[in-house]
Amino acid sequence: MTKTVVLSIGSYAEWDIPPMRADYDLTELSSPAGLDGLDADRRAAVRAVAYKGHSPFGAAQMDLLPGLELIANFGVGYDAIDVAAASARNIRVTNTPDVLNDDVADLAIGMLLALNRNLTANEAWLHRGDWSSKGDPQLARKLSGARAGIMGLGRIGREIADRMAAFKMEIHYHSRSRKETPEGWIWHERPEDLAANCDYLVVALVGGKATEGYVSRSVIEAMGPDSVICNISRGTTIDEPAMLDALEAGRIRGAALDVFRVEPDLDPRFLKLTNAHLQPHQGSATVETRKGMGALQRANIAAFVAGKPLLTAVN
Ligand code: 8YV
């Protein structure tokens, strides 16, 4: 039996590619920019793309693959893929939800603890020998017991809220409509009201056009002077210049950020901040979770090839 032609696009871990090579007639590209370099017959034979990365994959790329029927994304966020353009061409899109919820939520808590407890600076203090020469470093700030504000109570937002509840925090949230939650969680209809009523504003919105700049300048201005913003979603969800203005002026206490509007070459203003804890978009980047994401991506491709229902379809 002839194998289905699959095109993998992106930089994959060593364990992701061999199973695809075994099951399919696989062509490998490190980015969509390589599509132009494939010959026309090869492009026409591709029925499924295993996509990984954040570069745009839109109508122009799809039109280079006239036989394409499936784009299986490695990641829960599929904002890089133009789903409307895919639907218009009868191309199905899948993503990898849920398998990464725990890791992304863990990182949000880890970054907030790192920021509050000065973990990075304190470790450097110890390594430099300052502990013995200068004594104890400056006091940190307490996380437990404060007010949490979750912007977007989807699957990941809910995991973060559950963790913050375990830290004895009062849970506030904003989403389009009230959600079913444990007793006492407080819904705010307006994002500004959430910002004004929490100490830690954690952004867990989906990415894409609909949420671009959702955490607007007016939302950031509503935050209190002792409050902290945390983003584990997409850089696009926050008005980044407005957030940088607030951090530089000390109008809010700090930020814990895993995502940026431009990655990896983030706005250099971030690197000068002394009140921010920054991470290189590593929310899902554990061996366990990345293996789970790859397995789900491949399970979607396998379902498509077998003519079975897709496991986690987007369109
Ligand atoms: C990326 C992510 O998929 O799942 C998402 O939406 O942002 C990440 O897990 C990862 O960086 C691989 O591209």
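In this predicted model, the backbone gets involved with the ligand at phenylalanine 74, where a polar backbone atom sits 3.1 Å from a ligand oxygen atom. Two side chains join in. Arginine 234 brings a polar side-chain atom to 2.9 Å from an oxygen atom of the ligand, and serine 284 places one of its own polar side-chain atoms 2.6 Å from a ligand oxygen. The ligand ends up well wrapped: on its own it has 330 Å² of accessible area, and the protein covers 89% of that.

Zooming out to the whole shell, 13 residues surround the ligand, and those that come nearest are Val76, Gly77, Arg234, His281 and Ser284. Sorted by class, the shell splits into 6 polar, 4 nonpolar and 3 charged residues.

As for the wider chain, an unreviewed UniProt entry annotates residues 44–315 as "domain: D-isomer specific 2-hydroxyacid dehydrogenase catalytic". Helix makes up 35% of this span and strand 14%, and the C-alpha atoms at its two ends lie 23 Å apart.

Then there are the cysteines. Searching the whole structure turns up 0 disulfides. Cysteine 198 takes part in none, its nearest cysteine sulfur being that of cysteine 230, 11 Å away. Seen from the other side, cysteine 230 is likewise in no disulfide, with the sulfur of cysteine 198 as its nearest, at 11 Å. A pair would have to lie within 2.5 Å to count as a disulfide. Both residues are tucked away from the surface: cysteine 198 is buried at a relative accessible area of 3%, and cysteine 230 is buried at 1%.

Technical notes: Residues are numbered from 1 along each chain as its sequence is written. This is a predicted model: local features need pLDDT of at least 70, side-chain atom pairs count only at pLDDT 80 or more; totals for chains, interfaces and linings use all residues. Side-chain values use heavy atoms; hydrogens and water are left out. UniProt positions are given in the numbering used here, feature names are shortened, and annotations may be inferred rather than shown by experiment. Helices (H or I, at least four residues) and strands (E, at least two) are DSSP runs, numbered from the N terminus. A residue is near a molecule or strand if one of its heavy atoms lies within 4 Å of it. A polar contact is a pair of N or O atoms within 3.5 Å; within protein, one must be able to donate a hydrogen and the other to accept it, and residues adjacent in sequence count only if both atoms are side-chain atoms. Accessible areas come from the Shrake-Rupley method with a 1.4 Å probe; for residues, only the protein chains shown count as cover. Ala, Val, Leu, Ile, Met, Phe, Trp, Tyr, Cys and Pro count as nonpolar, Asp, Glu, Lys and Arg as charged, and the others, Gly among them, as polar. Buried means under 20% relative accessible area, exposed over 50%, partly exposed in between (1.4 Å probe, protein chains only).
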